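Q: Could you take me through this model and set each structural term against the definition that stands behind it?

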Amino acid sequence: MENRIRVAVDAMGGDYAPTEAVKGAVAAVLERENVDVLLVGKQEILEKELEACTYPKERIRIVPASEVIETGEPPVAAIRGKKDSSIVVGMKLVRKDEADAFVSAGSSGAILVGGTTIVGRIKGVERAPLAPLIPTRDGVSLLIDCGANVDARASHLVQFARMGSIYMEHVVGVKNPRVGIVNIGVEEEKGNALVKETYPLLKECKDINFIGSIEAREIPAGAADVIVTEAFVGNVVLKLYEGLGSTLISKIKGSMMSTLRSKIGALLVKPALKKTLKTFDASQYGGAPLLGLKGLVVKCHGNSKETEFKNSIIQCISFKEQNISERIRENLTVVQEKKEEV
């Protein structure tokens, strides 16, 4: 019998909740037969949303949660004070093994706090990083960390590199993924104090394919499969990436509609251009997993719509099938044992 993956979805989180989360859940179960969805949120509201959808009733069920954590609330206080919020209830499902994963477009801070305190970190993991897939010229790269650990230490970045390599190889299918650290130059002696301390540690890691420093301009070309940085720089890279991408797409569309000649040309290139631009749509790759936890937590963009919710749910299937949390735990155990031998 096919193993079924149970994904809890925070139906109350995000700018377009609950409609887009519900639509994404329905789209996911229609596309993949081995996934079931637990919609977490206000029951009456979700029942009304589902009434407008056609789907296999036995594969989507509602888990009631009466409260919602708003984006502006202090994360720690919200997690402690709103025990019946959709985020807390959803994460408890993962902790109790009643769900294999949790997906949310809600408060980033609450998701980070809840992931660490409710789901819990794998033994030996110092910090849990957010790691989104970002589009590149030849495919995708993993940006780790993009928002969870602004004040990271060198030992954190080394763990990020290891966890990111495991994810890229076993979920994305990139063999021996190239690992690079974001820097202001390719020379080893360049960088701030954190990069200078981390670089030699990464060089010593025999279990990863460290290729050295990469500059931000090399990221879109796919210079590395795993892009290691602390969360401040990672978040700046991600937001610039997204902003520049949407601006370029807007400019291209505007130029093509500017004259009769350009409109005729646009009709000719439209199929190829549409296919190319689609690869640079972040929603195609799902959300950002919070790696290093005992269970899977995926953070979607706050403005996520049906496609990103659907792809985030489907993303959880590969994570679970490849047993990523266990692979990370085994990797850290081996590393620790080697340290003790020395």
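Q: Why does S86 count as buried or exposed?

A: The model is a predicted one, in which local features need pLDDT of at least 70 and side-chain atom pairs count only at pLDDT 80 or more, while totals for chains, interfaces and linings use all residues. Residues are numbered from 1 along each chain as its sequence is written, and side-chain values use heavy atoms, with hydrogens and water left out. Buried means under 20% relative accessible area, exposed over 50%, and partly exposed in between, with a 1.4 Å probe and protein chains only. S86 has 2% relative accessibility and therefore counts as buried.

Q: Where is S86 placed, and which residues is S86 in contact with, leaving aside its neighbours within four places in sequence?

A: S86 belongs to helix α4, where a helix is a DSSP run of H or I with at least four residues, a strand is a run of E with at least two, and both are numbered from the N terminus. Contact means heavy atoms within 4.5 Å, and on that criterion, with neighbours within four places in sequence set aside, S86 touches D10, M12, V40, G41, A65, E67 and F102.

Q: Why is α4 described as largely enclosed by the rest of the structure?

A: Eight of the ten residues of α4 are buried, so the description as largely enclosed follows. The buried residues are S86, I87, V88, V89, G90, M91, L93 and V94. After the helix comes D97, whose phi is positive, near 65°.

Q: What describes the packing of α4 and α5?

A: Two packed helices are described by the angle between their axes and the distance between the axes. Axes are lines fitted to C-alpha atoms, for helices over the stretch in contact, and angles run from 0 to 180 degrees between N-to-C directions. For α4 (residues 86-95) and α5 (residues 108-119), the axes come within 10 Å and cross at roughly 35°.

Q: Which handedness does the crossing of α4 and α5 have, and which residues meet there?

A: A crossing is left-handed if the near helix is turned anticlockwise from the far one by less than a right angle, and right-handed if clockwise; α4 passes α5 in a right-handed crossing. From α4, the residues I87, V88, M91, K92, V94 and R95 meet A110, I111, G114, G115, I118 and V119 of α5. By class, this contact of α4 with α5 has eight nonpolar, two polar and two charged residues, with Ala, Val, Leu, Ile, Met, Phe, Trp, Tyr, Cys and Pro counted as nonpolar, Asp, Glu, Lys and Arg as charged, and the others, Gly among them, as polar.

Q: What makes β3 and β10 the edge strands of their sheet?

A: Two strands pair if DSSP finds at least two bridges between them. The open sheet has six strands in the order β3-β2-β1-β4-β11-β10, with mixed pairing, and β3 (60-64) and β10 (288-289) each pair on one side only. Two bridges join β10 to β11, which run antiparallel, whereas the four bridges between β4 and β11 join strands that run parallel. Helix α4 lies across β1, β2, β3, β4 and β11, running at about 160° to β4.

Q: Which way do the residues of β11 point, and are they buried or exposed?

A: L296 and V298 point one way from β11, V297 and K299 point the other way, and all are buried. In a regular strand the side chains alternate between the two faces of the sheet.

Q: Why does R178 count as buried, partly exposed or exposed?

A: At 30% relative accessibility, R178 counts as partly exposed. R178 lies in strand β7 (residues 178-182), a strand that is mostly covered, with four of its five residues buried. The side chain of R178 reaches the backbone oxygen of G222 at 2.9 Å.

Q: How is β7 joined to β8 and β9?

A: Five bridges join β7 to β8 and three join β7 to β9 (residues 226-228), with the strands parallel in the pairing of β7 and β9. These strands belong to an open sheet of five strands in the order β5-β6-β9-β7-β8. V179 stands opposite V226 in β9, and I181 stands opposite S213 in β8.

How values were computed. Polar contact = N/O pair within 3.5 Å; in protein donor to acceptor, adjacent residues only side chain to side chain.
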